[in-house]
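User: I should like a close look at a single part of this model, set in the context of its surroundings. Please keep the account formal and give the cut-offs behind each term.

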Amino acid sequence: MKKFGLTLMVLAVSLALMTVVPFAMAKEKPVKYLKIGCNYGLTGVVAPACIASKRSLELEVERINKKGGIVVGGQRYHIKLLFEDNGYTSEGSVAAATKLIDRENVKFIFNIGTPGLAQTSVTEPAKVLSFLSSSADQALLNKKYSIRVYPLVQMNDIALLEYISKNIPEVKRVCLLFKNDSSGILNSQILPKLCAHYGMEFIGDELYSLTETDFYPLLARMLPRKPDLIVTDVGTGAALMAKQAIEKGYKGFFMGTTLGADIAWNKIGDKVPDGRFLGPVVDPGSKAAPREIREMTKRYEEKYGKGAPLDIAYLYHNYLMLVVQAVKKAGTVDDTDKIRDVMVKNTWDLPWGKTRFVGKEVWGVDGQGIMPVFVSAWIGSKKKIKLLKVIPAEDVYPTFLKLFGKK
Amino acid sequence: MNKNNRIKSLLLLVFTIIGFLFPVIRNDPYTLSLLLIIFVFIVAAVGFRLIYITGRLTIGQAAFMGVGAYTSALLSLNFGINPWLGLLIGGIAAGILALGIGYIVLRVGGVYFVIITLCLAEISKLFWLWWRPVTYGNSGLIDVPGFSIASFQFGINKIPYYYLSLIIMLVALFVMYRMERSRIGIALHALGQNDVLAEHLGINRTRYRVLAFTTASFFCGVVGSFYAHYIHFVHPDQFGVMPSIMIQIYGIAGGIGVFFGPIVGSFVVAGLTEFLKIAKEFQPLIYGPLLVIIMLFLPKGLIGLPQMFFKSSKK
Amino acid sequence: MNAQDILAMVINGLSSGLTLMLVALGLTLVFGILHIINLAHGELYMLGAYCVWWLSELMGFNYWFAIVLAMILIAFLGVLMERYLFRRFRAIMVPSLVVSIGLMLFLQSSILLGTGMGDKEIEPVFHGQVTFLGTSLSLGRVIIGAVATVLVIAVILFLKYARPGQAIRAVAQDAEASSLQGISMNSVSRLTMIIGSALAAAAGGLLGPVFHLDYMMGFPVLLKALLAIVLGGMGSVVGGVILGSLVIGLVHSFATTLIGPEIAEIILFLIIAFILLIRPSGFFGMELRT
């Protein structure tokens with residue numbers, strides 16, 4: 001019996017090896033490659049977003065390469081994405097970044113989520129451009145090689161509150177119910193100031209844990225204070241919260257301030273009355289979305305079917321196109337100083353819209369790309385996202401500077 | 001027996017030498033960065049075993065790593081305390097906490113202790129998340145300073161970190177090994193086998209358990225602090241239930257009955273994890289069943305593997 | 001603070017406690033018989049929810065029929081897990097923890113990769129709210145509470161009066177003596193696993209429309225269920241678990257409403273740790289085991 005067990009184990013292990021080894025053995029062709037590292041949490045908490053992003057980036061890169069790649073300084077390059085799993089841990093993130101830089105000599109690393117901040121300790125000294133997706137100030141603060149073309153919570157807040165103050169005058173009392181991630185923390189810091197700026201009253205904030213599903217007790221705490229606007233995110237947790245708030249008799253508005261999956265709103269269904277939930281999102285498959293994003297959505301859904309969390313996935317096309325355009329313009333694929341210079345000094349036509357770089361006054365470096373904010377509302381009866389207004393970044397940034405400029 | 005021991009110590013010496021010479025033979029930052037994290041987890045896993053031999057199974061050791069990491073990182077960020085001192089302070093903070101908590105919780109046994117320690121891990125994570133004015137919650141502490149000797153900054157050079165981690169591990173292992181081999185160790189083992197009997201023999205149950213718990217947690221604190229200054233980033237998620245469970249997997253998969261079990265376990269399981277990274281998002285599909293298979297056929301852990309071969313060839 | 005607010009807190013707490021009960025009951029039964037902590041029990045809950053989603057949303061079955069079918073399917077899975085894995089580790093805690101973690105990782109990942117990335121949703125059968133003693137809550141929750149209560153009562157009656165149920169209780173009290181009485185250990189542990197998995201699947205299916213489906217939804221529920229059964233006394237009396245779950249729900253509700261959501265979780269864990277210290281066999285535990 002024991003011997004049989006041993007044989008079985010050896011068999012199983014070798015089977016596992018056999019499935020894995022061919023991946024490792026695959027040889028690369030002698031073509032020049034522009035390597036882009038993706039330090040992703042393919043396993044762990046953010047796996048869905050990372051896997052979706054991986055798949056959509058792969059599709060896009062395949063398309064670029066099929067067209068013959070890109071030409072930089074007279075040399076033709078194919079793009080090669082190198083995915084490293086960090087298991088959504090800090091040490092995994094540092095190890096993966098080390099591997100990408102040291103073994104593959106990668107000059108650009110994309111990263112999703114908070115542990116990504118850990119990679120900057122490796123990328124900064126190595127002068128590798130690090131593309132992050134965290135709203136936290138620390139992500140950018142005095143980090144020369146950090147690039148963030150990510151819709152900042154502050155900017156979204158400003159755009160949405162501006163829209164609300166102009167179009168929905170009955171909103172007077174604002175509260176914050178948010179998950180306790182870095183966007184939530186940021187929101188609890190900035191909202192009081194923002195509300196004062198728009199003549200609203202801020203009546204309190206509560207941050208809840210990421211795994212919370214039952215919001216009745218929390219709502220019993222907040223709703224007696226009679227808010228007319230609940231500021232939250234556009235994630236699945238917030239959708240649940242909104243649904244339960246309506247069940248508890250809440251009659252006011254909701255404002256989601258982060259990007260969220262378009263499908264997250266589907267969870268609310270027709271529970272929230274039409275037009276009561278606003279957010280900085282756009283349905284990537286709809287006509288309201290920028291053309292490139294729409295086409296990408298189509299390609300993605302043709303291959304993988306509907307229902308993927310596409311918000312974060314598509315954000316990284318901004319990064320991909322930014323890198324592609326910037327290396328072309330800079331005429332080099334490995335001089336990151338020059339590429340970064342070109343990157344932050346120009347205005348780019350990225351999939352999500354015109355983007356330029358700012359931020360010297362706030363973070364000491366100008367690595368923040370700002371892009372238009374899409375103000376949309378959820379129409380539950382039709383299960384559709386309706387675009388209300390596209391607010392250009394140039395309209396939002398001055399207010400942002402005025403309120404949060406000095407750090 | 002004596003000969004066996006001699007072979008063992010020879011093997012140990014060889015491995016230690018290989019450990020010290022490794023960066024000279026192969027200066028590959030990535031391999032070094034993997035190894036030094038494995039060393040960190042070896043210390044935690046061996047500590048986990050030290051507590052286990054007294055008859056208490058804990059799934060909360062990452063909490064003490066967190067205490068060490070946060071203490072040291074906060075001190076160096078806010079008060080400019082030298083990270084070297086931070087290593088010690090982080091360890092002591094974790095040790096003192098373990099001493100206090102240990103005196104209370106170690107009286108509880110069996111599955112209840114497992115759950116209490118699980119609570120401990122979760123509480124510590126929730127606490128770091130909640131204490132935002134100081135820990136910045138889920139945004140994490142960034143730019144934690146690294147080590148330096150005089151004017152030499154460790155920077156992103158992995159070699160000094162590797163040696164530091166290796167030395168910390170060797171010291172921790174030496175202390176815990178000596179402890180287990182001394183009179184104290186006999187008492188600890190006695191407690192694990194039959195604590196009522198042990199008490200009759202004059203072994204103070206709680207005191208000895210607290211000793212083991214505090215020692216293990218002190219070293220957890222030290223490696224936690226090292227971790228913070230090496231990664232330069234501290235985040236609550238690294239010290240919750242899941243990392244604690246990983247430590248426990250390293251220990252049990254390696255073989256919790258033997259001192260070297262957790263060491264083997266850390267190397268093999270971490271190596272396996274690394275190897276499976278090729279499978280990208282599909283790795284849990286292989287990793288999960290592999291854990292099950294290891295436990296099904298080697299309930300005593302990987303360290304039982306050579307024995308098994310030995311036995312089956314003798315038959 | 002008036003009586004109305006307190007009543008609201010009580011109702012909120014009961015509504016979450018009732019749903020926790022189903023998961024906790026299965027977990028404690030499995031622990032009582034097999035003496036292992038099945039960390040993959042939360043995954044049975046998750047699989048139950050996905051199973052109902054698959055049956056009712058994709059295959060077009062009636063929601064209630066889908067739940068029953070899911071209970072059967074997951075119970076079958078539970079039997080397989082018991083037969084090939086847990087049975088070998090009966091009363092051996094250490095390796096069983098690793099095995100259940102391995103299972104957990106595997107099940108989570110296969111759901112994530114097998115069903116597509118996005119969160120899934122089960123269309124609620126019940127719409128609208130009811131106002132109960134001045135507190136409004138969704139009709140769905142009231143129904144869930146009722147169904148959960150019925151299921152739990154059914155299990156209690158089964159354990160008390162049916163012969164196989166009595167066998168389970170006998171084994172939980174004294175495995176050795178009951179095997180001397182001719183009770184087959186294996187059939188008892190299989191039966192336990194069937195009940196435990198079916199209850200978890202039912203919980204998943206019932207809560208699916210109220211909350212959302214997510215491949216990681218099992219672990220947080222497992223943690224809370226562990227707390228509940230610890231409160232009730234591990235593997236001991238069924239009544240203890242019921243009280244334990246309700247107390248967890250109530251403490252969470254009161255602490256969240258009165259102090260705040262993040263602190264509430266810390267308080268919850270602290271209270272459990274504290275109770276374990278003064279009553280090591282659980283607050284409602286009847287037997288003391290060291």
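In which loop is the place of Ala150(B)?

Analyst: The structure is a predicted model, in which local features need pLDDT of at least 70, side-chain atom pairs count only at pLDDT 80 or more, and totals for chains, interfaces and linings use all residues. Residues are numbered from 1 along each chain as its sequence is written, while chains are lettered from A and ligands numbered from 1 in the order in which they are written.

Ala150(B) lies in the loop that runs between β2 (148-149) and β3 (152-153) of chain B; helices (H or I, at least four residues) and strands (E, at least two) are DSSP runs numbered from the N terminus. Although Ala150(B) is not a glycine, its phi is positive, at about 50 degrees. Ala150(B) has 5 other C-beta atoms within 10 Å, so it is exposed (buried: 20 or more other C-beta atoms within 10 Å of the residue's own; exposed: 12 or fewer; partly exposed: in between; C-beta atoms are placed from the backbone).

Chain A offers a parallel in Lys226(A), a residue other than glycine with a positive phi near 55 degrees. Lys226(A) sits in the loop between α7 and β9 of chain A, and Lys226(A) is partly exposed, with 13 other C-beta atoms within 10 Å.

The interior of chain B gives the wider setting. The largest nonpolar core (buried Ala, Val, Leu, Ile, Met, Phe, Trp, Tyr and Cys residues joined through C-beta atoms within 7 Å) has 349 residues, of which Val43(B) and Val223(B) touch the most other members. Its largest share, 18 residues, is given by helix α2 (residues 29-52) of chain B. The core also takes at least three residues from each of domain 1 (29-151 + 290-370) and domain 2 (153-279 + 373-404) of chain A, the bounds being those of an automatic or database domain assignment. Leaving aside residues up to four places away in sequence, Val223(B) touches Val40(B), Val43(B), Ala44(B), Met65(B) and Ile168(B); contact requires C-beta atoms, placed from the backbone, within 7 Å.

Chain B also meets chain A, with 39 residues of chain A in contact with 34 residues of chain B. On the chain A side of this interface, α1(A) supplies the largest share, 10 residues. That side divides into 21 nonpolar, 10 polar and 8 charged residues (nonpolar: Ala, Val, Leu, Ile, Met, Phe, Trp, Tyr, Cys and Pro; charged: Asp, Glu, Lys and Arg; polar: the others, Gly among them). Confidence matters here: α1(A) has the lowest mean pLDDT among the elements of chain A, 55, whereas strand β9 (residues 229-232) has the highest, 94. Here pLDDT is the predictor's confidence in each residue, from 0 to 100. For chain A the mean is 85, and 90% of its residues reach 70 or more.

Chain A touches chain C as well, through 32 residues of chain A and 28 of chain C. There α7(A) gives the most to the chain A side, with 5 residues, and that side has 16 nonpolar, 9 polar and 7 charged residues. Overall, chain A comes to 13 helices and 16 strands, and buried residues make up 57% of its 407 residues. The centres of its domain 1 and domain 2, taken over C-alpha atoms, are separated by 28 Å.

Terms used
Contact = placed C-beta atoms within 7 Å.
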